[in-house]
Amino acid sequence: MFKTIAIVLLMGFVAWAYQAIQPPPPKICGSPDGPPVTAPRIKLSDGRHLAYKEHGVPKDQAKYKIIYVHGFDSCRLDAMPLSQELAEELGIHLVSLDRAGYGESDPNPKRTVKSTALDIEELADQLGLGSKFYLIGFSMGGQAIWGCLKYIPHRVAGATLIAPVVNYWWPGFPANLSKEAYNQQFLQDQWALRVVHYTPLLTYWWNTQKWFPISSAVAHNPDIFSRQDKELFPKLAEWVKHAAHTTQQGKFESLHRDLMIGFGSWEFDPMDLENPFPNNGNAAVHLWHGDEDLLVPVTLQRYIAGKLPWIHYHELTGAGHMFPHADGMSDAILKAMLLAEK
C-alpha cells in the first residue's frame, strides 16, 4: 500500500512540475483572442508577420537606409532618437522593427540568432532598402547585429552596436575575465542566467515562481541602472507608455525567449568574426559603451574591442546603459557611422 501511494504521489508531482514549467500559449496579434493589428507588417517566407515603423525622410529620397533593432523589453516604438533636422540634412530613412514575439511581430518558437538576421534581411528586401543597408542594435538588439555580421555580411553597409548585451559563455572570453564580470551581477541575476543557460526549459518557471528572486531585468528592478541612467528616465517616458504593448503577446515569447537565446549556446563566437569591410572605405563596425553600465560590464566590451581591432570602439566616461538618450548622443552615433566623424 505504501509503495502504491508513493508511486501515485510521485506521478502527481511529475505532472504538476510538467505543468508548472509550461508557458501559456501566446496571444497572437490578429487572432480571435489576441491583440489587434495596428502597425504595418510584412509577411515572411515562413508565414510569420513582422511589424515595423518608418522614421526620417521617405526612403525614395534617402541617401542612408538604416534598420534599428530594439533591445530587451522594448519594441519598434522605442527606436533611438532621430531628429527630423538630422534626417533631412543627411537623408536618413530609418526602419525600426518588432523582433519576433515582441509588439505586433508573430512569435517564432524556433527563434535563433540566425533567424533574426534572416528576418532583418527579408524585411530589407520587402521594403526595398537596397542591396546594402546600415544596422544599429541597442542592448539585446546588439546580438542581432552580431548575427547579421555572421550570416548576412554581404548586405551590411555599416553597423553600430550600442551597449550590446554580452553572453558570458562565449568561448572567446578568458575564463577568469568572464567569471569576474559575471560575479559583478546581482546574485539573483547570476542564478537567473544559470537557469537560462544550463536548463532553458525552466526559464518560464523561474521567472514566474514566487520562491526566489527572478531576473532583475524581467522584474524591472531600478537598481540595475546607473546614476546617469536614472537622470535620463524622464526622456524614457514614452517607453513606459508602450510597456503593455511590448509584451502583449506574452512574456515567454518576448522576454523569456530573449534570455534563452541571448545567454544560450551560440552557433558561433563573435570574437571569431572577420572584418566585413576590409577594402570598403569608411564602412565600419562601431561599438559604443558606457564605463558605468551596470547591466553589461565594460571589461567585456574592452576585451572584444581588443580581440577585434577592426571595430571602432567608443567608451563613454560616466555613461550608463541608456546613454543614447542623452542630449546629442544619437546624432553623434549616427554621424560616426555614416560620416566617419570622430
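**Cavity, pocket and core in a predicted model**

By class, four nonpolar, four polar and three charged residues make up the lining of the largest cavity. The model is a predicted one, and a search of the whole structure turns up one cavity of 30 Å³ or more. That cavity holds about 110 Å³ of space. Its walls are built from Arg99, Arg111, Thr112, Val113, Thr116, Met140, Gln143, Ala144, Asp258, Ile261 and Gly262. Three helices, α3 (113-127), α4 and α12 (252-262), put in at least two residues each. Of the contributors, α12 gives the most, with three residues.

Then there is the open space. The largest pocket comes out at about 1,200 Å³. It is lined by 48 residues, and Phe72, Ala217, Ile224, Phe225 and Leu295 sit closest to its centre. Sorted by class, the pocket lining has 29 nonpolar, twelve polar and seven charged residues. Helices α6 (187-198), α8 (216-219), α10 (237-241) and α13 each hand over at least two of the lining residues. The largest share is that of α6, with four residues.

Helix α13, one of the helices that help line the pocket, also has a buried side. In this helix, which spans residues 298-307, Val298, Leu300, Gln301, Ile304 and Ala305 are the buried residues. These residues lie on the same side of α13 because they cover an arc of only 155 degrees around the axis. As for the helical geometry behind such a pattern, an α-helix has 3.6 residues a turn, so residues three or four places apart point the same way. The cover over the buried residues of α13 includes α4 (141-151), α5 (175-182), β7 (285-290) and β8 (311-316).

Ile304 leads on to the nonpolar interior. Along with Ile67, Ile120, Leu123, Leu135 and Trp146, Ile304 is among the residues with the most contacts inside the largest nonpolar core, which counts 60 residues. A second core, separate from that one, has 32 residues, including Tyr64, Leu236, Trp239 and Ala319. As a general matter, nonpolar side chains in soluble globular proteins tend to be buried together. What does Trp146 touch, not counting residues up to four places away in sequence? The list runs to Leu161, Trp170, Trp266, Phe268, Pro270, Leu273, Leu287, Ile304, Leu308 and Ile311.

Backbone angles bring up a couple of oddities. Most residues other than glycine have a negative phi. Ser139, though not a glycine, has a positive phi of about 55 degrees. This serine is found in the loop between β5 (133-138) and α4, and Ser139 is buried, with a relative accessible area of 7%. Ala163 is another case: its phi is near 45 degrees, again a positive value in a residue other than glycine. Here the setting is the loop between β6 (156-162) and α5. Ala163 counts as buried too, at 0% relative accessibility.

Last comes Thr246, which belongs to helix α11 (residues 243-246). Is Thr246 buried or exposed? With a relative accessibility of 1%, Thr246 counts as buried. Neighbours within four places in sequence aside, Thr246 is in contact with Asp73, Ser74, Cys75, Asp78, Gly101, Tyr102 and Gly103.

Terms used:
Residues are numbered from 1 along each chain as its sequence is written. This is a predicted model: local features need pLDDT of at least 70, side-chain atom pairs count only at pLDDT 80 or more; totals for chains, interfaces and linings use all residues. Side-chain values use heavy atoms; hydrogens and water are left out. Buried means under 20% relative accessible area, exposed over 50%, partly exposed in between (1.4 Å probe, protein chains only). The arc is that of the directions from the helix axis to the C-beta atoms. Contact means heavy atoms within 4.5 Å. A nonpolar core is a set of buried Ala, Val, Leu, Ile, Met, Phe, Trp, Tyr and Cys residues joined through side-chain atoms within 4.5 Å. On a 1 Å grid over the protein atoms alone, a cavity is a set of points where a 1.4 Å probe fits but cannot get out, and a pocket is an open set with protein on both sides within 12 Å along at least five of seven lines; lining residues have an atom within 4 Å of a point. Grid points are joined across faces, edges and corners, and a volume is the space filled by probe spheres set on the points. Ala, Val, Leu, Ile, Met, Phe, Trp, Tyr, Cys and Pro count as nonpolar, Asp, Glu, Lys and Arg as charged, and the others, Gly among them, as polar.
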